[in-house]
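Let's go through a few labels people put on structures and ask what earns them. Have a look at the model first.

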Amino acid sequence: MAPHALTPRNIEIRSNFDAIAPRYDLTNRVISMGVDLRWRRVAVRRLGDLGPDALVLDLACGTGDMAIEVLRQRRAARVVGADLSRTMLELSRTKLAARRAASTGGNGAARVHLVGAPAESLPFADGAFDGVTIAFGIRNVPDYRSGLREMARVLRRGGRACILEFSTPPSRWLWKAYNYYFFNVLPRIGGFLTGREDAYRYLTHSVAEFPGAAAFAGVMEECGFARVSWTAMNGGIVCVHTGEKP
C-alpha cells in the first residue's frame, strides 16, 4: 500500500505519546492500580483459537505489553506491532529484547516485528493476519471508523479483532465516581509522574468523547465486522469488544 501522509492530528497524538513514553508503563500501573495487566490478559484470551502459528497484529502497540501477552498465551504465535510513536516503539524493542535475553527458549523479540504506521492506513496486504488487537488505542485514532475498516481489511476471513477500551459504566453512581477520577485525579497523577499533565488531560477527554459499548458495537458492524460482542469489566469502566471478518 502507498504510505499514509500523517494528518496534523496524527502528528499531535504522536507527539503526546512520544512525550509520556518513558514513564508510560509506570503511569499505567499506578493509575489502574495494576489491574490493566489483567484487562490485557482477558482481552488476549478473547481472541479465541486462531490456529497454529497465528500471525497477530497489535495496533497502537505502545511499549509492547499486549504483544508480550499474546506470546505468553500463544507460544507459537508471531506478532506485528504497529504504532505512531517512535519513542514507544524503541521502548518496546528494548523490553522485548530483555524478555528474549531472560528466556531460555528465546521467546520475545525474534517473534515480534515492529512497524511505524497509523491505524487509518496500514502497510499490510488484505487478509494478512489471523487476529488483530488494540488496547486503549482505538479512541486515539482520529478517524477510528477508518481504523476499524483497516482492521477488517487486513484480517483473514474468520479472523477476529479484539479491542480493549475504556467505556461508560451503566451505574449512575459509578459513573460519577469514574468521571471525577478521570477528570480530576488521573491527569494530576499522570502529570506528576511524566511532567505532562496536558497529555493526560487529552487522554481523559478522548475517553469522554468515545461512544459507549453498545454504540461502538454498532460502529464495528458498520465497518465490516460480524458476530460483534463485548464484555464489560470492573463495573463497565472497561470493555473488551470482539468481532470477526465474515
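Q: What makes two residues count as meeting in this predicted model?
A: Contact means heavy atoms within 4.5 Å. By that test, Arg9, Ile13, Asn16, Phe17 and Ile20 in α1 meet Ala199, Tyr200, Tyr202 and Leu203 in α8.

Q: Why are α1 and α8 called oblique to each other?
A: Helix α1 (residues 8-20) and helix α8 (residues 197-209) pack at about 125°, their axes 9 Å apart. Roughly perpendicular covers 65 to 115 degrees and roughly antiparallel starts over 145. An angle of about 125° fits neither, so the pair counts as oblique. As for handedness, the crossing of α1 and α8 is left-handed.

Q: How do you know that cysteine 61 is in no disulfide?
A: A disulfide needs two cysteine sulfurs within 2.5 Å. For cysteine 61, the nearest cysteine sulfur belongs to cysteine 162 and is 16 Å away. The sulfur of cysteine 162 has its closest cysteine sulfur in cysteine 239, at 12 Å, so that's too far for a bond as well. Searching the whole structure turns up zero disulfides.

Q: Are cysteine 61 and cysteine 162 buried or exposed?
A: Buried means under 20% relative accessible area. Cysteine 61 has 7%, so it's buried, and cysteine 162, at 0%, is therefore buried too.

Q: What makes Phe166 stand out in the largest nonpolar core?
A: That core has 45 residues, and Phe166 is among the four that touch the most other members, along with Trp39, Leu164 and Val238. Beyond its sequence neighbours, phenylalanine 166 touches residues including Trp39, Phe136, Tyr178 and Val238. There's also a second, separate core of 31 residues, with Val115 and Phe129 among them.

Conventions:
Residues are numbered from 1 along each chain as its sequence is written. This is a predicted model: local features need pLDDT of at least 70, side-chain atom pairs count only at pLDDT 80 or more; totals for chains, interfaces and linings use all residues. Side-chain values use heavy atoms; hydrogens and water are left out. Buried means under 20% relative accessible area, exposed over 50%, partly exposed in between (1.4 Å probe, protein chains only). A nonpolar core is a set of buried Ala, Val, Leu, Ile, Met, Phe, Trp, Tyr and Cys residues joined through side-chain atoms within 4.5 Å. Axes are lines fitted to C-alpha atoms, for helices over the stretch in contact, and angles run from 0 to 180 degrees between N-to-C directions. Helices (H or I, at least four residues) and strands (E, at least two) are DSSP runs, numbered from the N terminus. Angles under 35 degrees count as roughly parallel, over 145 as roughly antiparallel, 65 to 115 as roughly perpendicular and the rest as oblique. A crossing is left-handed if the near helix is turned anticlockwise from the far one by less than a right angle, and right-handed if clockwise. Lists of a residue's contacts leave out its neighbours within four places in sequence.
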